[in-house]
Amino acid sequence: MKFQLSFVLLLLLCRIDLFCQENDIDLNRIRTTLSRASAVTTIPNGMRTIPLKAAELEGSFYLHEEFTPVDFVLMENDSIKGLLARYNVKTNIFIIDTRKQFGSLRGGLVREFHYKDKTGEKHFVNTANYPFNPLLSTPGFYNLLFDGSRAKLFGRTTHDIVPSNYNIALDVGERKSYIRLKTDYYLFENGNYKELKKFSNKQLEIFGEQKDKIKKYIKAELLNYRNERDLVKLMKYYEKLVSEG
């Protein structure tokens with residue numbers, strides 16, 4: 001079989017050589033193309049295919065993709081209102097659109113910022129302003145979802161990469177690698193933070209002596225820990241409980 005394939009390939013090259021000489025075509029260019037046959041992969045069923053290159057990284061590191069009017073409060077307490085901006089979660093940098101040119105603003109210069117999207121008002125505060133665990137206090141911002149007098153609820157949006165599982169040799173799998181933004185939630189109370197992952201019995205211990213009432217409330221209101229509005233609703237109820245003593 002290999003001998004027959006080699007003979008056919010040799011015959012093909014001879015004919016191409018003759019054709020190129022008669023038509024003044026760059027033979028070296030064609031030979032270079034054919035030499036890529038070494039990249040052809042044989043898979044178990046005997047089929048032969050030229051593997052395709054895996055796709056580039058897809059997705060976005062921006063908290064909101066579109067340029068949106070944003071109100072800033074800087075570390076020196078100066079205010080800037082209505083700047084068209086979008087925030088890069090990875091670099092901790094705001095890209096500013098002045099309508100004439102693009103600029104940038106380092107996140108470390110911003111105390112807090114506000115904007116509005118289809119889900120409502122958004123209020124972000126610089127992590128440097130809150131005494132969180134050092135492992136969590138990396139440069140960036142927390143979404144202040146609930147600002148109670150006794151307790152607060154923060155959401156921290158970070159990113160990770162979902163890698164491609166594409167197998168070049170077999171030409172199977174997902175070619176794309178994705179940027180994924182994810183948000184973790186934290187109850188901030190008495191100077192301490194407690195991560196809120198789910199509504200399990202063990203997780204609800206973060207609510208201390210109010211645990212049983214919280215559990216009943218979650219069940220009665222059909223709250224979902226993955227839904228920010230439900231989390232805010234829960235925090236309002238918890239704030240009421242701890243305020244009443």
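**Close-up views of a predicted model**

**View 1. Lys182 and its surroundings in strand β12.** Lys182 is partly exposed, with a relative accessible area of 36%, and this residue of the predicted model is found in strand β12. When neighbours within four places in sequence are left aside, the residues in contact with Lys182 are Arg156, Thr157, Thr158 and Asp160. One of these, Thr158, lies 24 residues away along the chain, yet the C-alpha atoms of Lys182 and Thr158 are separated by 5.6 Å. Across the protein, 46% of the contacts with a separation of 6 or more are accounted for by residues 24 or more positions apart.

**View 2. The hairpin of β12 and β13.** Strand β12, which holds Lys182, runs antiparallel to strand β13 (residues 192-196), and five bridges join the two. Within this pairing, Tyr185 has Leu196 of β13 as its bridge partner. Two residues stand between the strands of the hairpin, in which Asn190 takes a positive phi near 55°.

**View 3. The hairpin of β6 and β7.** Strands β6 (residues 93-97) and β7 (residues 102-106) run antiparallel and are joined by five bridges, with Phe94 standing opposite Leu105 in β7. The hairpin has four residues between its strands, and Arg99 takes a positive phi near 80° there.

**View 4. Asn92 in the loop between β5 and β6.** Asn92 has its place in the loop between β5 (79-88) and β6, and this residue counts as buried because its relative accessible area of 12% falls under the 20% cut-off. Not counting residues up to four places away in sequence, Asn92 touches Tyr87, Arg106, Gly107, Gly108, Pro139, Gly140 and Phe141. Of the residues touched, Arg106 is 14 residues apart from Asn92 in sequence and 6.6 Å apart in space, C-alpha to C-alpha.

**View 5. The cavity and its lining.** A search of the whole structure finds one cavity of 30 Å³ or more, and the volume of the largest cavity is about 80 Å³. The lining is made up of Leu63, Tyr87, Val89, Phe124, Pro139, Gly140, Phe141, Arg156 and Thr157, which divide into six nonpolar, two polar and one charged residue. Several lining residues also appear in other views: Tyr87, Pro139, Gly140 and Phe141 are among those touched by Asn92, while Arg156 and Thr157 are among those in contact with Lys182.

**View 6. The largest nonpolar core and a second core.** The largest nonpolar core has 22 residues, and those with the most contacts inside it are Leu153, Phe199, Phe207, Ile214, Leu234, Met235 and Tyr238. Two or more residues come to this core from each of β10 (141-147), β11 (151-162), β12 (177-189), α3 (211-221) and α4 (228-244), and α4 gives the most, with seven residues. Tyr238, with neighbours within four places in sequence left aside, is in contact with Ala151, Leu187, Glu189, Phe207, Gln210 and Ile214. A second, separate core has 14 residues, including Ala85, Ile96, Leu105 and Tyr115, and Leu105 is the residue that Phe94 stands opposite in β7. In the protein as a whole, which has four helices and 13 strands, 34% of the 245 residues count as buried.

Key
Residues are numbered from 1 along each chain as its sequence is written. This is a predicted model: local features need pLDDT of at least 70, side-chain atom pairs count only at pLDDT 80 or more; totals for chains, interfaces and linings use all residues. Side-chain values use heavy atoms; hydrogens and water are left out. On a 1 Å grid over the protein atoms alone, a cavity is a set of points where a 1.4 Å probe fits but cannot get out, and a pocket is an open set with protein on both sides within 12 Å along at least five of seven lines; lining residues have an atom within 4 Å of a point. Grid points are joined across faces, edges and corners, and a volume is the space filled by probe spheres set on the points. Ala, Val, Leu, Ile, Met, Phe, Trp, Tyr, Cys and Pro count as nonpolar, Asp, Glu, Lys and Arg as charged, and the others, Gly among them, as polar. A nonpolar core is a set of buried Ala, Val, Leu, Ile, Met, Phe, Trp, Tyr and Cys residues joined through side-chain atoms within 4.5 Å. Buried means under 20% relative accessible area, exposed over 50%, partly exposed in between (1.4 Å probe, protein chains only). Contact means heavy atoms within 4.5 Å. Two strands pair if DSSP finds at least two bridges between them.
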